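Colleague: I'm new to reading structures, and a whole chain is a lot to take in at once. Could you pick a single part and take me through it slowly?

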Amino acid sequence: MEQLQSLLPFVLMFAVIYFFMIRPQVKKQKQEKEFESSLKVGDRIITRSGLHAKIAEINDTTLIIETMSGKLKVERSAVSMELSTALNKK
């Protein structure tokens, strides 16, 4: 019984860490993957570095985007989910 009582604080700490740190991070990563896979030609996006662009072509892991100065090739992961979603809600 004493061993169980001494183990209880560690179990509670792990539960708190899981529910407040690990689980939200995994959920956010899943949302970002879904967002990346839902991108299509013609979508207006903002990259993590702040470039405003429109998707011209989509490849497996990269995108060809059109900016005011020309076309660029970027990784899908370079697109900011939060900024692009806010841009398209306007």
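Modeller: Sure, but we need one word before we start. A residue is called buried when its relative accessible area is under 20%, exposed when that value is over 50%, and partly exposed in between. Also keep in mind that this is a predicted model.

Let's take strand 3, which covers residues 62–67. Five of its six residues are buried, so the rest of the structure largely encloses this strand. That's quite a contrast with the chain as a whole, where buried residues make up 26% of the 90 residues.

Where does the strand sit? The chain has two helices and four strands, and along the sequence they come in the order α-β-β-β-β-α. The radius of gyration is 20 Å, well over the 12 Å that the globule rule gives for 90 residues, so the chain is more spread out than a compact globule. Its C-alpha atoms fill a box of roughly 70 × 30 × 20 Å along the principal axes.

Now for the partners of strand 3. On one side of the pairing story is strand 2 (52–58). Strands 2 and 3 run antiparallel and are joined by four bridges, and they make a hairpin with three residues between them. One pair to find on your screen is Glu 57 with its bridge partner in strand 3, Ile 64. Glu 57 belongs to strand 2, and with a relative accessible area of 40% it is partly exposed. If you skip its neighbours within four places in sequence, Glu 57 is in contact with Val 41, Leu 63 and Ile 64.

The other partner is strand 4, residues 70–75. Here six bridges do the joining, and again the two strands run antiparallel. The hairpin that links strand 3 to strand 4 passes through two residues. Look for Leu 63, which stands opposite Val 74 of strand 4.

Thr 62, also in strand 3, is worth a stop too. Its relative accessibility is 9%, so it counts as buried. Leaving out residues up to four places away in sequence, Thr 62 touches Lys 73, Val 74, Glu 75 and Arg 76.

What about the nonpolar side chains? The largest nonpolar core has ten residues, among them Leu 63, Ile 65, Val 74 and Phe 35. Strand 2 and strand 3 are the elements that give two or more residues to this core. Met 81 is in the core as well, and it is one of the buried residues of helix 2 (residues 81–89), together with Ser 84 and Leu 87. Those three cover an arc of only 135° around the axis, which puts them on the same side of helix 2. What do the buried residues of helix 2 pack against? They pack against helix 1 (2–38), strand 1 (44–46) and strand 2. Phe 35 shows the meeting nicely: beyond its neighbours within four places, its contacts are Val 79, Ser 80, Met 81, Ser 84 and Thr 85.

Methods
Residues numbered from 1 in each chain as written. Predicted model: local features only at pLDDT ≥ 70, side-chain atom pairs only at ≥ 80, totals over all residues. Heavy atoms only, no water. Buried < 20%, exposed > 50% of the residue type's maximum accessible area, 1.4 Å probe, protein only. Arc of directions from axis to C-beta. Contact = heavy atoms within 4.5 Å. Pairing = 2+ DSSP bridges. Core = buried A, V, L, I, M, F, W, Y, C linked by side-chain atoms within 4.5 Å. Rg over C-alpha atoms; globule rule 2.2 N^0.38 Å.
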